[in-house]
Amino acid sequence: MDVEWSTVPELVRATAARYGDADAVVEGRTRVSYGRLGALVDHAAAACLAHGVRPGDRVAVWAPNSLDWIVASLGAVSAGAVLVPLNTRFKGAEAAYVLARSRARLLFVTGTFLGTSYVAALRRAAGEGDGDGPLPGLPDLREVVVLADDVPPGFRSWKEFLAAGDGVGEAEVRSRAAAVDASAASDIVFTSGTTGRPKGAVITHGQTVRAYAVWSELAGLRRGDRYLIVNPFFHTFGYKAGVLACLMRGATIIPQPVFDAEAVLARTAAEGVTVLPGPPTLLQSLLDHPARPAYDLSSLRLVVTGAAVVPLRLVERLRGELRVETVLTAYGLSEASGLVTMCRRGDAAEVIASTSGRAVPGVEVRVTDPAGAPLPAGAPGEVWTRGFHVMRGYFEDAPATAEAITPDGWLRTGDVGVLDPAGNLRITDRVKDMYVVGGFNAYPAEIEQTLALHPEVTEAAVIGVPDGRLGEVGLAYVVRRPGAALTADALIAWARRELANYKVPREIVFVGVLPRNASGKVVKGELRGRV
C-alpha cells in the first residue's frame with residue numbers, strides 16, 4: 001500500500017493540519033486537540049535544539065503512558081533524535097545499562113511512579129563515576145529532565161526544559177524536522193533479554209510509518225475512534241500500534257498508565273472507548289470482573305490481541321457477550337518493527353484463536369529446519385521473516401546482527417511455529433527453550449498451556465533437564481491456585497491423560513511465583529539455574 005508520510009515528523013505535521021480540532025489526547029480532564037498537540041511537539045523539538053540535541057543523538061524516555069511521554073518522544077524525534085524507550089518495570093541498574101549501551105544524550109524520566117522514585121533509583125545505579133553530567137556513572141548523558149515540577153538539585157524540570165525552546169525560531173524547528181530522512185533511525189527498542197543482556201533493535205522512520213499504516217488498515221482503525229492504550233508506550237504495541245496508529249487515522253489517544261480492571265471498565269464506559277487492544281490475560285480479567293455488568297461497554301468495536309495461544313472461548317465471549325465487531329490476533333517482534341503476521345477482518349473465530357494470521361503485505365514468512373531449509377505446512381520449525389520491516393541491525397553490534405539476519409535478508413526470529421495450508425502462522429515456542437526427549441522434540445509452551453488447563457493450576461513454566469536414559473526430560477515449575485491441595489503425583493497423572501508420554505514432565509516443583517523480567521516474560525535461565 002502507498003504511504004503518504006515517509007517519517008514520523010511528517011506524520012505529526014500532516015496530522016495536526018488534517019485533524020486540527022479533533023481530540024488527539026484525553027488524559028483525565030485534559031483534552032488536547034491535534035492542532036494543539038502539533039504545537040506542543042514543535043515546542044518540545046525546539047527545546048531539544050536549544051539543549052544541543054543533534055540528528056542521530058539517542059534520547060531516552062523512562063515514564064508511564066501519558067501526554068508528556070507523547071510530547072517528549074515526538075518532540076525528540078522531530079528534532080532528528082533516535083528514541084530509546086525504557087521499560088517502566090526496570091530497576092535502576094537495568095535502566096542504567098540501556099542508557100549506557102545506547103549512549104543516550106538526554107533522558108526524560110517520570111517523577112515518583114507507583115511509589116518508586118526513578119531518579120533515586122538511577123542515582124543509586126549511576127550516581128558515581130568519571131562523568132561530569134547529572135549522573136557521573138553515565139558520562140554520555142548530558143541532561144536529565146524530570147516530567148514533574150518538583151525536581152532534585154542537578155536535574156531539570158519539564159517546565160524549565162521547555163522554556164529553553166522559546167528562543168528557537170519556528171523555521172529552525174521545521175528545517176530540522178524536514179531534514180529527517182526515511183532511512184534514518186527512528187527508534188532503538190531494546191529486547192527483553194530473557195537469555196542475556198538486552199540488544200537494541202534499530203528501526204528506521206520509513207519502516208515505522210509503513211508498518212503501522214499497514215497495521216491500521218488491516219485492523220480497520222478509523223477517524224473518530226477512541227483508543228484506550230493500556231499497552232505500555234515503551235513497547236512497540238503501545239507506541240507504534242497505539243500512538244502513531246492514532247495519528248495516522250485521526251483517532252483519539254486515551255493513555256492508561258497502569259492496568260486496573262475496574263479503572264479500564266470505568267474509562268471505557270465514560271469515554272465511549274471503541275478500540276481496546278491488549279494481551280489475552282487483560283481481556284479475560286475484564287470479562288470476568290464482578291463489576292463488569294455495572295458499566296456500559298457497548299461502544300467497543302475493535303480488539304487486537306496476541307499470544308502463543310488465544311483461547312477460542314475468549315474470542316467467542318468478546319464477540320458474544322460484549323458484541324465486539326472485530327477481534328484480531330497478530331504476531332511481531334522488536335527486530336521486525338513489531339509486525340509480521342496479522343489476522344484479517346472476517347476470519348473465522350477458530351483462525352483468530354489458534355493462529356496469529358498471515359504475513360502482512362510486503363512481508364514473507366517461512367518455517368525452516370535447523371539448516372535453514374523451508375518446511376512444508378504443518379511441520380514445526382523456526383520462523384523466519386523477510387521484508388521491509390526487518391531491523392537495520394542491533395545497535396553497534398555487528399556480530400549479533402550477522403547471527404540474526406542471513407546474507408539474503410531473512411530474520412531468524414528464534415520462535416518455533418507452524419504454517420497451515422492457508423499461510424496462517426501458529427507460534428508454539430522459542431527455539432532455545434525446546435528440548436529433546438528420547439529423540440522427540442518437546443516444546444515447553446505447548447506443555448505449559450496444557451498444564452494451565454488443570455483447574456488447580458494458575459500457570460506453569462517448563463524446562464528441559466538432563467536425563468541419563470532419555471537425554472532430557474521435562475521439569476515443570478507450577479503455581480497452584482490459592483487454597484489448592486494439588487500434589488505433584490496427581491498433576492503428573494493428570495498430564496499423562498492429556499499429553500503424549502514424552503511431553504509429560506517427570507518432575508513438578510510448586511512455587512509461589514515464576515521469575516519474570518521487566519517485560520513480564522518468565523526468565524527460563526533463572527529456572528535452569530535452580531536445577
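**Salt bridges and nonpolar cores**

Visitor: At what relative accessibility does Glu448 count as buried?
Guide: This is a predicted model, in which local features need pLDDT of at least 70 and side-chain atom pairs count only at pLDDT 80 or more, while totals for chains, interfaces and linings use all residues. Residues are numbered from 1 along each chain as its sequence is written, and side-chain values use heavy atoms, with hydrogens and water left out. Buried means under 20% relative accessible area, exposed means over 50%, and partly exposed lies in between (1.4 Å probe, protein chains only). Glu448 therefore counts as buried, at a relative accessibility of 15%.

Visitor: Which residue forms a salt bridge with Glu448?
Guide: A salt bridge is a side-chain nitrogen of Lys or Arg within 4 Å of a carboxyl oxygen of Asp or Glu, and here the closest N and O atoms are 2.9 Å apart. The partner of Glu448 is itself buried, at 9% relative accessibility, and its name is Lys524.

Visitor: How many salt bridges does the count come to?
Guide: Side chains of opposite charge can pair when their charged atoms come close. Asp288, Arg292, Arg313, Arg317 and Glu321 are linked by salt bridges in a network. Under the 4 Å rule, the number of salt bridges counted is 25.

Visitor: How many residues apart are Arg226 and Glu271?
Guide: Their side chains meet in a salt bridge, with 2.8 Å from N to O. Arg226 belongs to strand 12 (residues 226–229) and Glu271 to helix 10 (residues 261–271), where helices (H or I, at least four residues) and strands (E, at least two) are DSSP runs numbered from the N terminus. The salt bridge thus links distant parts of the chain, and the separation in residues is 45.

Visitor: Which helix gives the largest share of the largest nonpolar core?
Guide: A nonpolar core is a set of buried Ala, Val, Leu, Ile, Met, Phe, Trp, Tyr and Cys residues joined through side-chain atoms within 4.5 Å. The largest one has 120 residues, of which Leu37, Phe108, Trp158 and Trp215 touch the most other members. Its largest share is 10 residues, and they come from helix 2.

Visitor: How many residues are in the second, separate core?
Guide: This core includes Tyr435, Val437, Val462 and Tyr477. Its number of residues is 30.
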